[in-house]
Amino acid sequence: YEKYRDANLPQPMIPILQNEHFNFEELESNLGFIIHDDIKAFLSAYWFDMIEGFFMDRYVNIHGCQNTESVINDIITGFAMGDKLFLSDAQYWYLGGCDPYSMYVNNTTGEVMGVITYEKQALPLSDSISNLIMSMKCELGF
């Protein structure tokens, strides 16, 4: 914080409560499968830029959504990224990063996995997105 205190950096977006529930039915119909309720709840609560913090002493960043179009884009690209995984037990949706892992959500169970695709390595991080976020810690250097 001290190092960048006087820098002219963009301010993070304050989360904004979504006033309309996003309708996933058409998107699910186009995709050909049902999206896990935890993913839907995560993408339907707030508009935000990013959630950053630490989980298990690792830096974590979870990408956000700022509008309806970004929800659609996020779902489509997130599952496309998950299709490239070596895991074949379910469909996976990209959530963000947990250094050095990429985080994916198992669309069947809602479990969050840390994955290094090129090393074919995966480890369970949390049983849900909400538990992962609740377990994250923020550190501010004031």
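In the predicted model, the side chains of Asn106 and Tyr92 are joined by a polar contact of 3.3 Å. Asn106 belongs to strand 6. With a relative accessibility of 4%, Asn106 is classed as buried, because the limit for that class is under 20%. A polar atom of the Asn106 side chain also lies 3.1 Å from the backbone nitrogen of Thr109. When neighbours within four places in sequence are left aside, the residues in contact with Asn106 are His36, Asp89, Ala90, Gln91, Tyr92 and Glu111.

Strand 6 is part of an open sheet of 6 strands, in which the pairing is antiparallel and the order is 3-4-5-6-7-8. Strand 3 (50–55) and strand 8 (121–126) each have a single partner strand, so they form the edges of the sheet, and one side of each has no neighbour there. From one strand to the next, the twist averages 35 degrees.

At one edge, strand 3 and strand 4 are paired in the antiparallel sense over 6 bridges. Met50 has His63 of strand 4 as its bridge partner. The hairpin formed by strand 3 and strand 4 has 2 residues between the strands, and Met56 in this hairpin adopts a positive phi near 55 degrees. At the other edge, strand 8 and strand 7 (residues 112–116) are paired over 5 bridges, again in the antiparallel sense. Here Met113 is positioned opposite Pro124 of strand 8.

Two helices are placed against the sheet. Helix 2 (residues 37–45) lies across strand 3, strand 4 (58–63), strand 5 (92–98) and strand 6 (101–106), and runs at about 60 degrees to strand 5. Helix 3 (residues 68–83) packs on the sheet and touches strand 4, strand 5 and strand 6. The direction of helix 3 makes about 90 degrees with that of strand 5.

Ala41 is a residue of helix 2. Its relative accessibility of 43% places Ala41 among the partly exposed residues. Ala41 and Ser130 are separated by 89 residues in sequence, while the distance between them in space is 9.2 Å, C-alpha to C-alpha.

The aromatic residues were examined next. A pair of aromatic rings is described by the distance of the centres and the angle of the planes. Over the whole structure, 6 aromatic pairs are found. One of them is formed by Phe33 and Phe79, which are edge-to-face, at 4.9 Å centre to centre and with 75 degrees between the planes. This pair links distant parts of the chain, as Phe33 sits in the loop between helix 1 (25–31) and helix 2, whereas Phe79 is in helix 3, 46 residues apart. Phe33 and Phe79 are both buried.

Another pair consists of Phe54 and Tyr59, with ring centres 6.2 Å apart. The planes of these rings stand at 70 degrees, so the pair is edge-to-face. Phe54 has a relative accessible area of 31% and is partly exposed. Tyr59 likewise counts as partly exposed, at 32% relative accessibility. In addition, Phe42, Phe48 and Trp93 are linked into a cluster by ring pairs.

How values were computed. Residues numbered from 1 in each chain as written. Predicted model: local features only at pLDDT ≥ 70, side-chain atom pairs only at ≥ 80, totals over all residues. Heavy atoms only, no water. Pairing = 2+ DSSP bridges. Helix = DSSP H or I, 4+ residues; strand = E, 2+ residues; numbered from the N terminus. Axes fitted to C-alpha atoms, helices over the stretch in contact; angles between N-to-C directions. Contact = heavy atoms within 4.5 Å. Buried < 20%, exposed > 50% of the residue type's maximum accessible area, 1.4 Å probe, protein only. Polar contact = N/O pair within 3.5 Å; in protein donor to acceptor, adjacent residues only side chain to side chain. Phe/Tyr/Trp six-rings, centres within 6.5 Å; stacked < 30°, edge-to-face > 60°.
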